Number of protein chains: 2
Amino acid sequence: MMMDQSCPGKVEPILEILDGKWMLILLFELFNGNKRFGELRRKLHPISPKTLTDRLRLLEEKGIVTRTIYPGVPLHVEYDLTESGRGLQPIFEAMWTWTQSYGAYLRNETNEGEEAGKVM
Amino acid sequence: MMMDQSCPGKVEPILEILDGKWMLILLFELFNGNKRFGELRRKLHPISPKTLTDRLRLLEEKGIVTRTIYPGVPLHVEYDLTESGRGLQPIFEAMWTWTQSYGAYLRNETNEGEEAGKVM
DNA sequence: TGCAATAGTTTCAAAAAATGAACTATGGAG
DNA sequence: CTCCATAGTTCATTTTTTGAAACTATTGCA
């Protein structure tokens, strides 16, 4: 595997899927088997229905999820990962692994003490 | 590896690193060995210097990069990945792998023809 | 006909993010 | 004491994103 100069350009399209508020956490929920609109909305609370719709439509456009309407009482809709959607799983596994190794050390403070970087 | 219900919450901190415009592509550049401010700025063109500074400062706060000033003529600054920063690499490798498998099928069209999802 | 439940849409305002242009700082060479 | 190159900063403005609130649509049962 090479991540040479040409790589970033080629990976750009995946940024459209993963970048932006809610996208990663939404995909997590889909991997965890949460498929229905209301279900996702509850898990991602306090996401607004508009924003959730926007995100799901984007994933649909990109071929990551399918949208299936189940008529009935009450009617409901399920979002399923496509093959390429499921193919994202190794990315999420790598994130999980990273979190286990380094997540605890993530700094959040405003770092009031030191300012600029070190000088050589 | 398990990605159960509790996982999304625990992975949240990594979203602060990867989410948002420029972050993924910026980290790519750092992996590719581009370290200096101007270098990154050129690669990420047309990013504004302010935005680039903001991103680099965030990564510094999170402990992903260090900032080192090299006095001299002209002076320059290098941004280096920390251990936890380098630890992000498997995530990027997974993205690259995904792109090789599915990137070509990413749809971009407005999908004028069909509208809603299929009905069961 | 009215109601309950799901899954949205619409509208408009608010908040956040990104940008452009111009300016500051540093330090040695000439 | 001016110039060059690097690496920023500052401020005002624009653009994008997000959000809340209220409304629509569908279905079948009572």
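**Reading the protein–DNA contacts**

Modeller: The surface near DNA strand C divides into 8 nonpolar, 5 polar and 7 charged residues. Nonpolar here denotes Ala, Val, Leu, Ile, Met, Phe, Trp, Tyr, Cys and Pro, charged denotes Asp, Glu, Lys and Arg, and polar denotes the others, Gly among them. This is a predicted model, in which local features need pLDDT of at least 70 and side-chain atom pairs pLDDT 80 or more, whereas totals for chains, interfaces and linings use all residues. Residues are numbered from 1 along each chain as its sequence is written, chains are lettered from A and ligands numbered from 1 in the order written, and side-chain values use heavy atoms, without hydrogens and water.

Biologist: How many residues surround DNA strand C, and which are the closest?

Modeller: A residue is near a strand if one of its heavy atoms lies within 4 Å of it. DNA strand C is surrounded by 20 residues, the closest being T53(A), R67(A), Y79(A), K21(B) and R55(B). Of the strand C atoms that come within 4 Å of the protein, 80% belong to sugar and phosphate.

Biologist: Which polar atom of R67(A) lies 2.5 Å from a phosphate oxygen of DNA strand C, a side-chain or a backbone one?

Modeller: A polar contact is a pair of N or O atoms within 3.5 Å. For R67(A), the polar atom at 2.5 Å is in the side chain. The backbone serves elsewhere: G38(A) places a backbone N or O atom 2.8 Å from a phosphate oxygen of strand C, and a polar backbone atom of V77(A) is 3.2 Å from one.

Biologist: Which elements give two or more residues to the surface near DNA strand C?

Modeller: Elements are DSSP runs numbered from the N terminus: helices (H or I) have at least four residues and strands (E) at least two. Chain A supplies α3 (37-43), α4 and β2 (76-81), and chain B supplies α4. The most comes from α4(A), with 4 residues.

Biologist: What is found around DNA strand D, and which residues come nearest?

Modeller: There are 19 residues around DNA strand D, of which K21(A), R55(A), V73(A), T53(B) and R67(B) come nearest. Sugar and phosphate make up 77% of the strand D atoms within 4 Å of the protein. By class, the surface near strand D has 8 nonpolar, 4 polar and 7 charged residues.

Biologist: Which chain B atoms lie at the phosphate oxygens of DNA strand D?

Modeller: An N or O atom in the side chain of R67(B) is 2.6 Å from a phosphate oxygen, and a polar side-chain atom of Y79(B) lies 2.8 Å from one. G38(B) contributes a backbone N or O atom at 2.9 Å. The elements giving two or more residues to this surface are α4 (49-61) of chain A with α3 (37-43), α4 (49-61) and β2 (76-81) of chain B. Here α4(B) provides the largest share, 4 residues.

Notes
A polar contact is a pair of N or O atoms within 3.5 Å; within protein, one must be able to donate a hydrogen and the other to accept it, and residues adjacent in sequence count only if both atoms are side-chain atoms.
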